[in-house]
Amino acid sequence: MNSGELRLSDYEKGFLTGFYFTEPNIQKDRLNRDEDNDWYGVHIGERVFDLCVWKDDDIDNEVCVVYECYLNDGGFWNTDTSKQWFLKESKDATKPKEL
């Protein structure tokens with residue numbers, strides 16, 4: 001594991017993978033996804049994650065990166081993009097445009 005990789009248990013990886021492939025909003029958005037990234041939140045126990053999904057330059061390759069979220073002092077969730085886990089990646093995936 002490199003220093004930029006998000007630490008996840010096997011259970012969390014399985015849950016996130018299942019969520020990605022079965023969540024109706026992700027599946028519906030896949031039909032109309034373009035180069036812009038879409039975000040989906042998911043709670044697993046005490047942890048909260050954001051899945052960032054976008055189409056890579058090649059229209060046939062969708063990419064999904066998982067980030068962990070933290071509750072800030074104002075009571076809002078912030079996405080920590082310093083560590084990531086590529087749930088689904090294309091060979092030459094680039095980072096989402098907003099990062």
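This is a short talk on the fold, the cores and the salt bridges of one protein.

Hi everyone, and thanks for coming. Before anything else, please keep in mind that what you see is a predicted model.

Let's begin with the overall layout. The protein has 99 residues, and 35% of them count as buried. You will find 2 helices and 4 strands. If you walk along the chain from the N terminus, the order is α-α-β-β-β-β, with the helices ahead of the strands. As for the surface, about 6300 Å² is exposed, and carbon and sulfur atoms supply 48% of that area. One more overall number: take the contacts with a separation of 6 or more, and 42% of them are between residues 24 or more positions apart.

Now let's look at helix α1. This helix covers residues 10-22, which makes 13 residues. From its first C-alpha to its last it reaches 18 Å, close to the 18 Å expected at 1.5 Å a residue. Which residues of α1 are buried? They are Glu12, Leu16, Phe19 and Tyr20. These four sit on the same side of α1, because they cover an arc of only 100° around the axis. Turn to the other side of the helix and you meet exposed residues instead: Asp10, Tyr11 and Thr22.

That brings us to the inside of the protein. A bit of background helps here: in soluble globular proteins, nonpolar side chains tend to be buried together. In our model, the largest nonpolar core has 16 residues. Which members touch the most others? Leu16, Phe49, Leu51, Val66 and Leu87 do. You have already met Leu16 as one of the buried residues of α1. Helix α1 supplies at least two residues of this core, and so does each of the strands β1 (38-44), β2 (47-55), β3 (62-71) and β4 (77-88).

Leu51 makes a nice place to stop and look around. Leaving aside neighbours within four places in sequence, its contacts include Leu16, Phe19 and Tyr20, and those three are buried residues of α1. Among its other contacts are Trp39, Val42, Cys64, Val66 and Leu87.

There is also a second, separate core of 5 residues, which includes Cys52, Trp54, Val63 and Val65. Trp54 belongs to strand β2 and is buried, with a relative accessible area of 3%. Have a look at Asn37 as well: Trp54 and Asn37 are 17 residues apart in sequence, while their C-alpha atoms are 4.4 Å apart in space.

My last stop is the charged residues. How many salt bridges does the structure hold? There are 2, and Arg47 takes part in both of them. In one, Arg47 pairs with Glu12, with the closest N and O atoms 2.8 Å apart. Arg47 lies in strand β2 and Glu12 in helix α1, so this pair ties together parts that are 35 residues apart in sequence. In the other, the side chain of Arg47 meets that of Glu68 at 2.7 Å, N to O. Glu68 lies in strand β3, so this pair ties together parts that are 21 residues apart in sequence.

Are these two glutamates buried or exposed? Glu12 counts as buried, at 10% relative accessibility, and Glu68 counts as buried at 10% too. Taken together, Glu12, Arg47 and Glu68 are linked in a network of salt bridges.

That's my tour, and thanks for listening!

Definitions and conventions. Residues are numbered from 1 along each chain as its sequence is written. This is a predicted model: local features need pLDDT of at least 70, side-chain atom pairs count only at pLDDT 80 or more; totals for chains, interfaces and linings use all residues. Side-chain values use heavy atoms; hydrogens and water are left out. Buried means under 20% relative accessible area, exposed over 50%, partly exposed in between (1.4 Å probe, protein chains only). Contact means heavy atoms within 4.5 Å. Accessible areas come from the Shrake-Rupley method with a 1.4 Å probe; for residues, only the protein chains shown count as cover. The expected span of a helix is 1.5 Å times one less than its number of residues. The arc is that of the directions from the helix axis to the C-beta atoms. A nonpolar core is a set of buried Ala, Val, Leu, Ile, Met, Phe, Trp, Tyr and Cys residues joined through side-chain atoms within 4.5 Å. A salt bridge is a side-chain nitrogen of Lys or Arg within 4 Å of a carboxyl oxygen of Asp or Glu.
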